[in-house]
Amino acid sequence: MVAIALDPVDGPTYDAHVVRWDPERYRAFAEERARPFLDLTSRLDGLTPSRIVDLGCGTGELTATLADRWPDADVLGIDSSPDMLAATGPLAAEHPRLAFQEQAIEGWEPDPDVDLVVSNAALQWVPTHRELMRGWLTRLRPGATIAVQVPGNEDSASQVLVRELAAEPRWADALAGAGSAILRVGTMRDYVDVFLDGGHRVEAWETTYQHVLPGEDAVLGWLSGTRLRPYLAALGARADEFVEELRPRLRAAYPTVSGATLFPFRRLFVVGTARP
Ligand SMILES: C[S@@+](CC[C@H](N)C(=O)[O-])C[C@H]1O[C@@H](n2cnc3c(N)ncnc32)[C@H](O)[C@@H]1O
C-alpha cells in the first residue's frame with residue numbers, strides 16, 4: 001500500500017512556490033520519467049550549443065546528460081524547489097561547466113547568448129508559460145532552440161478522477177485553488193502558435209507512453225510525486241483521507257494484473273528555432 005507522506009502547508013490556496021516536492025517520491029519512477037526527456041533531446045541532433053538552460057530541472061540528473069552530451073557548453077539548471085535541488089551538488093562537482101540555481105521560471109529571462117532552452121515536464125506548473133515563451137523568443141538570438149515537453153493527459157482517467165473527487169462538496173472549498181492551478185497545459189495548436197506567430201520554425205509531435213508500472217497502487221504512487229502535490233498540500237491534515245477515497249477509484253480505472261499496472265500517459269513535444 002502506498003503511504004503518502006507530505007509536509008502540509010497552511011491554507012487552501014495553491015501557490016507553486018509553497019508546494020513541497022519530494023525528490024525520493026519523484027525518483028520512484030525515474031526511468032519512466034526520463035524517457036520523454038530523452039525523446040525530446042533526441043531531436044536536437046546537429047546542434048552545438050554553447051549556453052544551455054534547463055528550466056524546472058528538478059533533481060538535475062537529466063540536466064547532467066546535457067553536460068555529458070555537450071561538454072564544451074555551459075549548462076545551467078534552474079528550479080524553484082530547494083528540495084529538488086538539494087541533490088545537485090555532486091552533479092555540479094562532477095561537471096565543471098554544469099551549475100544549478102534556485103529560481104522561479106516566472107522570473108527568468110534568457111541572456112542573449114543562451115542558444116538552447118530545454119524544459120521537460122515543468123512548464124505546466126507555470127500558468128503564464130506560453131506568454132513567457134513568446135517573450136523568450138524575442139530575446140533569444142537567431143537560431144537559438146527551445147525544446148519543451150508538457151503532459152497532455154488532462155482527459156485521462158487519472159486526472160478526471162482526481163478532479164471529480166476534488167469537486168465533491170466535502171473537498172471543493174479546500175481545493176478550489178489547487179484544482180484550477182494545475183490545468184495549465186494548452187493544446188498542441190497553442191504551443192505551435194507560440195512559434196509560428198513570431199515567424200519562428202517549429203516541429204511538434206505527441207507520444208502516448210504505455211508505462212507498465214510494478215505493484216498495486218502504482219498510479220497513486222506516480223500521482224503523489226507530481227500532480228497530487230498541490231491538492232495534498234492544500235488539504236494538510238485531511239490529505240490521507242483524500243488519498244484513501246482516491247485509492248479505490250484509481251484501482252478500478254487502472255487494474256493491477258499479474259503484479260503490474262498499465263498507465264498510458266500522453267505527452268506533447270515542441271522544438272522550435274528562433275527565426276534567423
Ligand atoms: C515534474 S518535475 C520535472 C523535473 C525535471 N525537468 C525532469 O524532467 O525530471 C517539475 C519540476 O518543476 C519545478 N517547478 C515547478 N514550478 C516551478 C516554477 N514556477 N519555477 C521553477 N521551477 C518550477 C518543480 O520544482 C519540479 O522540480
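These legends describe close-up views of a predicted model, with residues numbered from 1 along each chain as its sequence is written. Local features need pLDDT of at least 70 and side-chain atom pairs count only at pLDDT 80 or more, while totals for chains, interfaces and linings use all residues, and side-chain values use heavy atoms, with hydrogens and water left out.

**View 1. Residues surrounding the ligand.** The ligand is surrounded by 20 residues (each with a heavy atom within 4 Å of it), the closest being Gly 56, Asp 79, Ile 105, Glu 106 and Asn 120. By class, this shell divides into eleven nonpolar, seven polar and two charged residues, where Ala, Val, Leu, Ile, Met, Phe, Trp, Tyr, Cys and Pro count as nonpolar, Asp, Glu, Lys and Arg as charged, and the others, Gly among them, as polar.

**View 2. Polar contacts of the ligand (pairs of N or O atoms within 3.5 Å).** An oxygen atom of the ligand lies 2.6 Å from an N or O atom in the side chain of Asp 79, and an oxygen atom of the ligand is 2.7 Å from an N or O atom in the side chain of Asn 120. For the side chain of Glu 106, the distance from an N or O atom to a nitrogen atom of the ligand is 2.9 Å. Taken alone the ligand exposes 600 Å², of which the protein buries 97% (Shrake-Rupley method, 1.4 Å probe).

**View 3. Contact of helices H7 and H12.** In H7, Ala 157, Ser 158, Leu 161, Val 162, Leu 165 and Ala 166 meet Phe 242, Glu 245, Leu 246, Arg 249, Leu 250 and Ala 253 in H12 (heavy atoms within 4.5 Å). This contact of H7 with H12 has nine nonpolar, one polar and two charged residues.

Conventions: Helices (H or I, at least four residues) and strands (E, at least two) are DSSP runs, numbered from the N terminus. A polar contact is a pair of N or O atoms within 3.5 Å; within protein, one must be able to donate a hydrogen and the other to accept it, and residues adjacent in sequence count only if both atoms are side-chain atoms.
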